[in-house]
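Student: I have a model open and want to go through it piece by piece. Can we start with the helices and then move to the sheet?
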Amino acid sequence: MRVLEIILTVSALLLMFSFVSGKGVLKVKIALTAVSGTLCAAQLGLEGYRWQMAGVYVIVLLGLIIRIAGIISGRSRKLLSTGQKTRKSAFRRLKRGWAIAGTAAGILIVICSAVLSSMIPVVELPAPSGPFAVGMQTLHLTDSSRPESQTPDPGDSRELMVYVWYPAPAEKGHQTAPLLPGDKQSNRKVMSAFAGSLGIPSFSLDYWAYIHTNAYRNADWLRSEGPYPLILINHGLGTSSLLHTTLAENLAANGYIVAAVDHTYSTAATLFPDGTVTEFSESLSSDHFIATGTQLGNVWNDDNRFVLSQLKQQFADYIDTDLIGIAGHSFGGAAAYEAMFSIPELKAGIDLDGSLYTLTGPSLGKPFLFIESEDYNNRKKQISDPDIDAEEKIMNNARLSGGGKLYIKGTAHFNFTDLQLYSSLLKYTGMTGGIDGGRSNEIVNQLVLDFFNSHLKGIHEDGEDAGTAAGTAAGTDAGYDEVVRP
């Protein structure tokens, strides 16, 4: 909970108790009511409305109405001035009982609202581990050589939004960028689309508008340490690059340029500069996953090629074109694996809990790391399927090229995204596992950083030479007991 939310909640509880406190001084009760109303207005004005706090808002408003009504009636004022005691009667006892019951209900509503606000908070994204400040830019790119197959107009070209993070000079006194990149109206459409993709009411994610990142929008580049290795990030099918913000920031703070591609019509929502928001319209057939996955994967890899060419042109002074890697989550991880065949510039890659749609082809000969959730690792053991067997063979053989396979205890599919940081309630839906979201986020980010440090920078996490397979990230667990190498 935010600071004013905590103070307002305490004030609302005291306000409720004041209605059954008996002989309390009326002036004190009136002052408490006024303070509660003022705090409510201040919280709404300074921190902003959150539906999780609706119970507190309602109770404070009802308290104000009841207190004002009591003052107007003059009953309390008469008792204060005369000191007379009213005769107890059945009616008065009944009224007292209703007051106690109403107060108890009000207190329960406030407590429930506070618990909900704590369980679904305005997230403070964890700070990156690296020594550099992080800058962030948004690019709108159009590939005029490719028509957009998802729109009815044959004249439409493929348009993409790309989020770029990079090392920047320290930005003292500046405010970090909000998570959502648009204006209030555009961001509302994005949040509504995300909520729809999760099957929850459209207002449920309104509070995302208050989340800030650790990056500074359009900050200067830190020229003194460049040029930098480049990492492409591919989101999962139906999610978004925004859910990989902490991974990107952590890499950038450690001396990488990171470009996350929103694959249009494969995201929950993609916001374009004119305010247009595209939503998810792709589908994969579980019965024909290899065929349909390959078809969609080809589109994604065409996106990756185009974005890479544009980045090399626009940021030629900052990118070390000999040191380029790729990582992806879910379908984005499978696309990252496929990209290693088709994009020669890629030197190393990571698949974060993605089931492969490419099960044949030449040996990579490039380091590629598969990081799985424990949930997926266990489910595969219970399935008898030749495609699963072929995938396992590929993953196991990856260690021969300096990569390998591992899984993280207590994780499920969305423990590889920032969604795990948004609420601990997600574990009850099966989207995340039993591991603490902050702990899982730390482990994944460190594993990814260590792997790319080893294979792009030649820096092994324990200081050894990364030139041999024994000294690669496939042979290290970054010191975490949760990391298991089958």
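Tutor: Fine. This is a predicted model. Helix 9 (residues 331-342) lies across strand 4, strand 8, strand 9 (346-352) and strand 10 (368-373).

Student: What angle does helix 9 make to strand 8?
Tutor: Helix 9 runs at about 140° to strand 8.

Student: And which strands does helix 13 lie across?
Tutor: Helix 13 (residues 437-457) lies across strand 4, strand 8, strand 9, strand 10, strand 11 (404-408) and strand 12. Its angle to strand 9 is about 165°.

Student: Now the sheet. What is the strand order?
Tutor: The sheet is open, with 10 strands in the order 3-1-2-5-4-8-9-10-11-12 and mixed pairing.

Student: Which strands stand at the edges?
Tutor: Strand 3 (215-217) and strand 12 (483-484). Each has a single partner strand, so one side of each has no neighbour in the sheet.

Student: How do strand 4 and strand 8 pair, parallel or antiparallel?
Tutor: Parallel, over 6 bridges, with strand 8 covering residues 319-329. Within that pair, tyrosine 228 stands opposite isoleucine 319 of strand 8.

Student: Asparagine 234 is in strand 4 too. Is it buried or exposed?
Tutor: Buried, because its relative accessible area is 0%, and the cut-off for buried is under 20%.

Student: What does the side chain of asparagine 234 make a polar contact with?
Tutor: The side chain of asparagine 304, at 3.0 Å. Leaving aside neighbours within four places in sequence, asparagine 234 is also in contact with other residues, among them His263, Trp300, Ala327, His329 and Ala335.

Student: Switching to backbone oddities. Which peptide bond is cis?
Tutor: The one from glycine 226 to proline 227 is cis, with omega near 0°. Proline 227 sits in the loop between strand 3 and strand 4.

Student: Why bring that up?
Tutor: Because most peptide bonds are trans, and most residues other than glycine have a negative phi.

Student: OK, what about the phi of asparagine 218?
Tutor: It is near 60°, a positive value in a residue other than glycine. Asparagine 218 lies in the loop between strand 3 and strand 4, and it is exposed, with a relative accessible area of 54%.

Student: And where is tyrosine 265?
Tutor: In the loop between strand 5 (257-262) and strand 6 (269-271). Tyrosine 265 has a positive phi of about 70° although it is not a glycine.

Student: Is tyrosine 265 buried or exposed?
Tutor: Tyrosine 265 counts as buried, because its relative accessibility is 16%.

Key:
Residues numbered from 1 in each chain as written. Predicted model: local features only at pLDDT ≥ 70, side-chain atom pairs only at ≥ 80, totals over all residues. Heavy atoms only, no water. Helix = DSSP H or I, 4+ residues; strand = E, 2+ residues; numbered from the N terminus. Buried < 20%, exposed > 50% of the residue type's maximum accessible area, 1.4 Å probe, protein only. Polar contact = N/O pair within 3.5 Å; in protein donor to acceptor, adjacent residues only side chain to side chain. Contact = heavy atoms within 4.5 Å. Pairing = 2+ DSSP bridges. Axes fitted to C-alpha atoms, helices over the stretch in contact; angles between N-to-C directions.
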